[in-house]
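Here are two short exercises to work through with the model open beside you. Try each one before reading its solution.

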Amino acid sequence: MATASSKRTTEPPDPMPARVDPCVAMLVDKPPKGRDWAFEVKWDGYRLAVHIEPGRVRIITRGGYDWTSKFPSIADDARELGYATMILDGEAVVLDDKGRSDFGMLQRAIGRKPSLHDPREILFFAFDLLYLDGRDLRRLPLSERRRLLESIVVAGRAGVIRLSEEVEADGEEFFRIACEHGLEGIVAKRRDKPYQSGRRPDWQKIKCVRSDSFVIVGYEPSTLPGAIGRLLLAAKKGEGLVYVGGCGTGWTYQESVKLRELLDTIVTDQPAVALRRKGAVFVRPALVAEVEFRAWTQDGKLRHPSFKGIREREDDAGVFEIER
């Protein structure tokens, strides 16, 4: 009788996918209960898939774009893992001095020339393994995929590719501690489920602070010279965009001036949303703002929004979508 290893060598290899549409966690109000669930920290960065292929490494965004050039240190470290073919699912982050992921710091690091920052500043926390040496692992349960991942990206690894470790704890207790330490939240995953693309109840996210991505459709000038008073924001609804309010906090004066200079390069006289506002400057919907907020108002506007950073619209798979 053939062993599992000898049997595997006689099977034809699974074709390596050029891209995997990621599994996306559903937002829920509280952690699930039961031993079927595994818990991790929710990272605040860029969701990426690292494709290790013969002769090259590709780093693919959630929206399907090749951003290898933006993360050279991750690509270099991926070559050191010792496998000819592999797909890692995870998040690129920059950690603050307390070990918390900070999206604004990540943006500033990406925006600088590689020579101006430590190449080890941007880290990649791997939390899933989708393909390995000719085997498509997506049909395996999470527990088996994690076992294989942890044998490759071991806990405590010193490179820029690190393991997003599972936390053995009660979900509610872990969530409470995460919020007390200023983390964005936690993620819960069913140990017994295969990897399925799209937004799935098998993966759930519980946030300490609500945050999401919204399209920038314009701005209101500040009384300060060259700065922005408020960003005008929109969410996706069907095939179009709908205005969800303005955001006027979360940046320094210098950051506001740079943001206005950037937006002034994409000014348009055709607003992307049905909105009339005296003195507003409308822009093409090419950029996305990451925003923290408390809640939604009854008329569908963001309550107490605060700006965190800019994402590129080309990767707008994460833009908030209002159900019709």
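**Exercise 1.** Which strand gives the most to the lining of the largest cavity?

*Solution.* First, some ground rules. This is a predicted model, where local features need pLDDT of at least 70 and side-chain atom pairs count only at pLDDT 80 or more, while totals for chains, interfaces and linings use all residues. Residues are numbered from 1 along each chain as its sequence is written, and side-chain values use heavy atoms, with hydrogens and water left out.

Step 1: find the space. A cavity is a set of points, on a 1 Å grid over the protein atoms alone, where a 1.4 Å probe fits but cannot get out. The count comes to one cavity of 30 Å³ or more, and the largest holds about 90 Å³.

Step 2: look at its lining (residues with an atom within 4 Å of a point). There are 13 such residues, and V20, P22, L48, A49 and D89 lie nearest the centre.

Step 3: turn to the strands (DSSP runs of E, at least two residues). β3 (46-53) and β4 (56-61) each supply at least two lining residues. The answer is β3, with four residues.

**Exercise 2.** Is E290 buried or exposed, and which side chains does its own side chain touch through polar contacts?

*Solution.* Step 1: locate E290 in strand β15 (residues 287-293).

Step 2: check accessibility. E290 is at 5% relative accessibility, so it counts as buried (under 20% relative accessible area, 1.4 Å probe, protein chains only).

Step 3: list the partners. The E290 side chain makes polar contacts (here, N or O atoms within 3.5 Å, one able to donate a hydrogen and the other to accept it) with the side chains of S213 at 2.6 Å and R311 at 3.1 Å.

Terms used
On a 1 Å grid over the protein atoms alone, a cavity is a set of points where a 1.4 Å probe fits but cannot get out, and a pocket is an open set with protein on both sides within 12 Å along at least five of seven lines; lining residues have an atom within 4 Å of a point. Grid points are joined across faces, edges and corners, and a volume is the space filled by probe spheres set on the points. Buried means under 20% relative accessible area, exposed over 50%, partly exposed in between (1.4 Å probe, protein chains only).
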